[in-house]
Amino acid sequence: MNKTLILGWGKSGKSAYGLLRRLGREAVCFDDAEGDPVDGEIENRRGMSLENVLEDVETVVVNPAVPVTHPVICGAKAKGIEVIAEIELGYRCCKGNLVAVTGTNGKTTTVSLIKEVFDHAGIEAYALGNIGVPFSSAADRLAGAVAILETSSFQLETTVDFAPRFAVCLNVTPDHIERHKTFEEYTRLKARIFENQSEKDFAILNADDPVVSSFAVHIKAEIFWFSAQNKVKGAYAEDGEIFFDDGKKRERICAVDDVPLKGKHNLSDVLASVLVAKLYGVKTDMIALAVREFRPPKYRIELIKTLKDLKIYNDSKSTNIDSTVRACEAMDGATTLIVGGWDKKISYESFFARLPENVAHIVCCGDNSDEIIKWAPDDARYSVVKTATLERAVEISLSYKDSKNLLFSPSTSSYDRYADYMQRGRHFDGIVKALANG
């Protein structure tokens, strides 16, 4: 038994294969997608019996999109074959320093800002993982550099020894129930980012999130906190200023107004990034400069157009209820919200319970529109309508003359109609541009 089986091709599978080849290891794959996405690059054992799929296999490397209930994973575990995540493979080969960031929302923004800070400080750093560039594509080439890893619950589900030097959890709210079945299981997987850390490592927790705060009891690493509400050992906001306090002395970093991101949730992401940078040893002036100059990744409450007095925001990256509620809270004035997408089989009761008062109209579009509307209260202060296409949703939204903002914040994944949230965001951009020109 001397082969590695890559389960699921795609970006992470290809990257894992590249790393294994550089290490001189034999690899085969199993991808049961229609057609042949592997295209002869590697032996695909699709169509074989489970016994033959696992023949001569000593390790299975799992694409994060593949659930742990997959027959190949179950068969491998029954045979005592090790099953590991693609990020676990990268971790075992990584010679650089590792910062790992997880959370329901804000991961990409935080990873991007940490990299921006390190770039300003002249520290070689790479944003990898769930942000779009698989860890294994560069893990063996990072000697002397920093890997900043966006880490999802899907990836943490099959880690084994994964132990980042700096581990960050931003927040935990209900998501991916269609995969993990319960919020408790989803929470358990998020906490795994700290599981293998030692006393020499750093655990960075959101003091304002009760679920994240509860992780502290089981963490061995030294804990630092970030908070937008209270003084803590770590990074916090007070009286319009951002401070770092290591427990011995505090230091001003910059003004809250220097943060070029809308919403309190984004302030938390900045505080987490500041904390990582200070613990790493980055000078304060470099951190402050990076924060002021930072521009968030696309489709995160992005102002894309102003039509007369109406501001139009593209928040296509919103893939769960919590992120959409926070985006609504970030709006100034009456807001029309376009919501809906892939049906994750989740309740929208909490969504309507948490909507801020500035939401004046809701337009539902996507496969889960009926599920959303089902939970709308009969005596709602806002209108709720359903339509079939995003084009029509925008037209309806523009017909409301009492709104100051039009916010496209789907609250769910894009897989009903798009490959990813980027494609969804580009579609919305194009619709707005065409209507504005027309």
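The chat below walks through one helix, two backbone oddities and the empty spaces of a predicted model.

Student: Let's start with helix 16, how many residues does it have and how far does it reach?

Tutor: Helix 16 has 17 residues and spans 24 Å from its first C-alpha to its last, which is close to the 24 Å expected at 1.5 Å a residue.

Student: Which residues in helix 16 are buried?

Tutor: The buried residues of helix 16 are Arg 424, Gly 425, Phe 428, Ile 431 and Val 432. Viewed down the axis of helix 16, its buried residues fall within an arc of 120°, so they line one face of the helix. In general, an α-helix has 3.6 residues a turn, so residues three or four places apart point the same way.

Student: And what about the other side of helix 16, which residues are exposed there?

Tutor: On that other side, Lys 433 and Asn 437 are exposed.

Student: What covers the buried residues of helix 16?

Tutor: The cover includes strand 14 (302–307), strand 15 (310–314) and strand 16 (335–339), together with helix 15 (390–399) and strand 19.

Student: Which residue caps the N-terminal end of helix 16?

Tutor: That is Asp 420, which has a side-chain oxygen 3.2 Å from the backbone nitrogen of Met 422. Asp 420 turns up again in the largest pocket, where Asp 420, Asn 130, Tyr 415, Ala 419 and Tyr 421 are the residues nearest the centre, out of 41 that line it. Helix 16 is among the elements giving two or more residues to that lining, as are helix 1 (10–22) and helix 5 (107–120).

Student: What volume does the largest pocket have?

Tutor: Its volume is about 1,300 Å³.

Student: Switching to closed spaces, how many cavities of 30 Å³ or more does the structure hold?

Tutor: There are 2 cavities of 30 Å³ or more, and the largest cavity holds about 270 Å³ of space. It is lined by 21 residues, with Asn 105, Gly 106, Arg 300, Lys 317 and Ser 323 closest to its centre. Helix 5, helix 10 (264–280) and helix 12 (321–329) each supply at least two residues of this lining.

Student: Last topic, where is Ser 411, and is it buried or exposed?

Tutor: Ser 411 sits in the loop between strand 19 (405–408) and helix 16 (421–437), and it is buried, with a relative accessible area of 0%. Although Ser 411 is not a glycine, it has a positive phi of about 75°. Most residues other than glycine have a negative phi.

Student: What phi does Asp 56 have?

Tutor: Asp 56, also not a glycine, has a positive phi of about 65°. Asp 56 lies in the loop between helix 2 (50–53) and strand 3 (57–62), and at 34% relative accessibility it counts as partly exposed.

Terms used. Residues numbered from 1 in each chain as written. Predicted model: local features only at pLDDT ≥ 70, side-chain atom pairs only at ≥ 80, totals over all residues. Heavy atoms only, no water. Helix = DSSP H or I, 4+ residues; strand = E, 2+ residues; numbered from the N terminus. Buried < 20%, exposed > 50% of the residue type's maximum accessible area, 1.4 Å probe, protein only. Expected span 1.5 Å × (residues − 1). Arc of directions from axis to C-beta. Contact = heavy atoms within 4.5 Å. Polar contact = N/O pair within 3.5 Å; in protein donor to acceptor, adjacent residues only side chain to side chain. 1 Å grid on protein atoms, 1.4 Å probe; cavity = no way out; pocket = protein on both sides within 12 Å on 5 of 7 lines; lining within 4 Å. Points joined across faces, edges and corners; volume = space filled by probe spheres on them.
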